[in-house]
Amino acid sequence: MKTTLLTPETDENAVKTAAELIRAGEVVGMPTETVYGLAANALNGEAVKKIFLAKGRPQDNPLIVHIADFEQIYDLCPAVPPQAKLLADAFWPGPLTMIFPKKDIVPYGTTGGLDTVAVRMPVDPVANCLIHLAGVPIAAPSANSSGRPSPTKAEHVIEDMDGKIEMIIDGGAVGIGVESTIVDVSGEIPTLLRPGAITIEMLRETVGQVEIDPAIQGPMAANVKPKAPGMKYRHYAPKAELVLVEEKNPETKEVISDRVIEEINLLAKSRLDQGQKVGIICTEETRDCYPQGMVRSLGFRSRPETIAHNLFAVLREFDDLDVDCIYSESFSKDHLGQAIMNRLTKAAGYHILDVKEEV
Ligand code: TXA
Ligand code: MG
């Protein structure tokens with residue numbers, strides 16, 4: 001299959017062509033405000049199978065269904081609970097996904113065999129236009145091969161999907177850079193299943209009590225089932241070993257100090273002395289503190305949205321550079337930091353080194 005790349009900025013038919021492909025049961029790479037998605041008709045079981053095939057994704061890992069208007073939700077779910085309505089009013093269109101009981105029309109192929117369906121209304125104008133023109137709700141997981149970091153640029157989608165899907169819409173770099181917040185609203189109390197740009201603080205401010213699924217906080221015991229099936233897979237994994245280095249200070253909530261920088265430099269030196277390629281993940285505030293290794297800044301620690309925006313691209317870059325190991329600074333876990341640290345600790349396989357505990 002030859003994969004066509006079209007840019008809406010220069011080709012006025014780009015989104016229309018993609019919509020026709022979706023109506024014909026094909027798969028298309030689409031930009032959203034969070035990460036790129038692999039889009040297909042959510043109500044067409046055969047089309048959805050092609051998504052799983054292109055990604056190499058396990059069949060039991062359900063997809064998010066994207067809509068363009070609030071009313072479309074009633075095609076997918078029998079009812080919208082009051083708390084979900086409050087959240088939709090506050091955060092849709094935007095980077096929030098909610099889990100509802102599903103209607104029969106939604107195939108089990110889309111929901112990974114579950115009786116619930118994940119729904120999101122993206123704010124990205126290209127995604128919104130595509131859903132409108134396709135005239136059907138669109139199932140879309142992140143457009144990476146299963147296990148790789150999510151794509152935040154069309155180039156990343158090409159890397160993983162060239163020859164596997166009909167078309168990719170190049171909408172430029174995404175805005176946010178980490179996937180949507182997922183909240184289960186099918187039970188009594190809303191439960192956060194995946195942190196994202198709509199933070200737990202924002203959710204609680206809107207609906208009061210919100211629980212947090214334990215799968216978010218750390219590694220899952222073998223006998224515990226996360227509520228979002230995707231959270232059990234080792235996601236976002238770079239090819240190299242990744243270690244997070246921090247100094248937890250419960251009083252100031254700071255996680256970075258001179259000792260962290262010193263430790264990363266020591267670890268890097270010992271690997272470099274063994275002839276290995278070493279990657280270092282830091283921020284603009286500290287990039288000049290690392291004299292050796294391949295040093296990449298994620299952005300400004302003082303502006304977490306810059307860190308989220310660059311995180312996956314930097315992990316992908318280290319894959320391309322074929323580094324043997326990566327040492328990364330750590331981040332505080334409040335607000336957007338919860339999503340950043342969720343992705344980073346998963347990428348590290350929960351390998352975190354606290355310099356305080358070490359000595
Ligand atoms: O920002 C995003 O959400 C992006 C863009 C493309 O919209 N999509 C995305 O999809 O991140 P994906 O497939 O990579 O992640 C979806 C997550 C998975 O962890 C999956 O297990 C969970 O959502 N999920 C989907 N349906 C679910 C359901 N019915 N119940 C619980 N979890 C569900
Ligand atoms: Mg994904």
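What follows is a short exchange about a predicted model, with each label set against its definition.

Biologist: What makes the model one to trust or doubt, in terms of pLDDT?
Modeller: pLDDT is the predictor's confidence in each residue, from 0 to 100. The protein's mean is 94, and 97% of its residues reach 70 or more. Local features here need at least 70, and side-chain atom pairs count only at 80 or more, while totals for chains, interfaces and linings use all residues. Residues are numbered from 1 along each chain, chains are lettered from A and ligands numbered from 1 in the order written, and side-chain values use heavy atoms, without hydrogens and water.

Biologist: Why is isoleucine 169 called buried?
Modeller: Buried means under 20% relative accessible area, exposed over 50%, partly exposed in between (1.4 Å probe, protein chains only). Isoleucine 169 has 0% relative accessibility, so it counts as buried. Its place is in strand 8; strands are DSSP runs of E, at least two residues, and helices are runs of H or I, at least four, numbered from the N terminus. Contact means heavy atoms within 4.5 Å. Isoleucine 169 touches, among others, Leu6, Val28, Tyr36 and Leu130.

Biologist: Why is aspartate 322 called exposed?
Modeller: Its relative accessibility is 52%, so aspartate 322 counts as exposed. Aspartate 322 lies in the loop between helix 10 and strand 15. Its phi is positive, about 60°, although it is not a glycine.

Biologist: And what does tyrosine 350 count as?
Modeller: Partly exposed, because its relative accessibility is 28%. Tyrosine 350 also has a positive phi, about 65°. Most residues other than glycine have a negative phi, and most peptide bonds are trans.

Biologist: Which peptide bond is cis?
Modeller: The bond joining tryptophan 92 and proline 93 is cis, with omega about -5°. Proline 93 is found in the loop between helix 4 and strand 5.

Biologist: How do you know on which side of helix 7 the buried residues lie?
Modeller: Ala154, His156, Val157, Asp160 and Met161 are buried. They cover an arc of only 155° around the axis, so they are on the same side of helix 7. The arc is that of the directions from the helix axis to the C-beta atoms. The buried residues of helix 7 pack against strand 8 and helix 10, among others.

Biologist: What makes the arginine 194 pair with ligand 1 a polar contact?
Modeller: A polar contact is a pair of N or O atoms within 3.5 Å; within protein, one must be able to donate a hydrogen and the other to accept it, and residues adjacent in sequence count only if both atoms are side-chain atoms. A polar side-chain atom of arginine 194 lies 2.9 Å from an oxygen atom of ligand 1.

How values were computed
Lists of a residue's contacts leave out its neighbours within four places in sequence.
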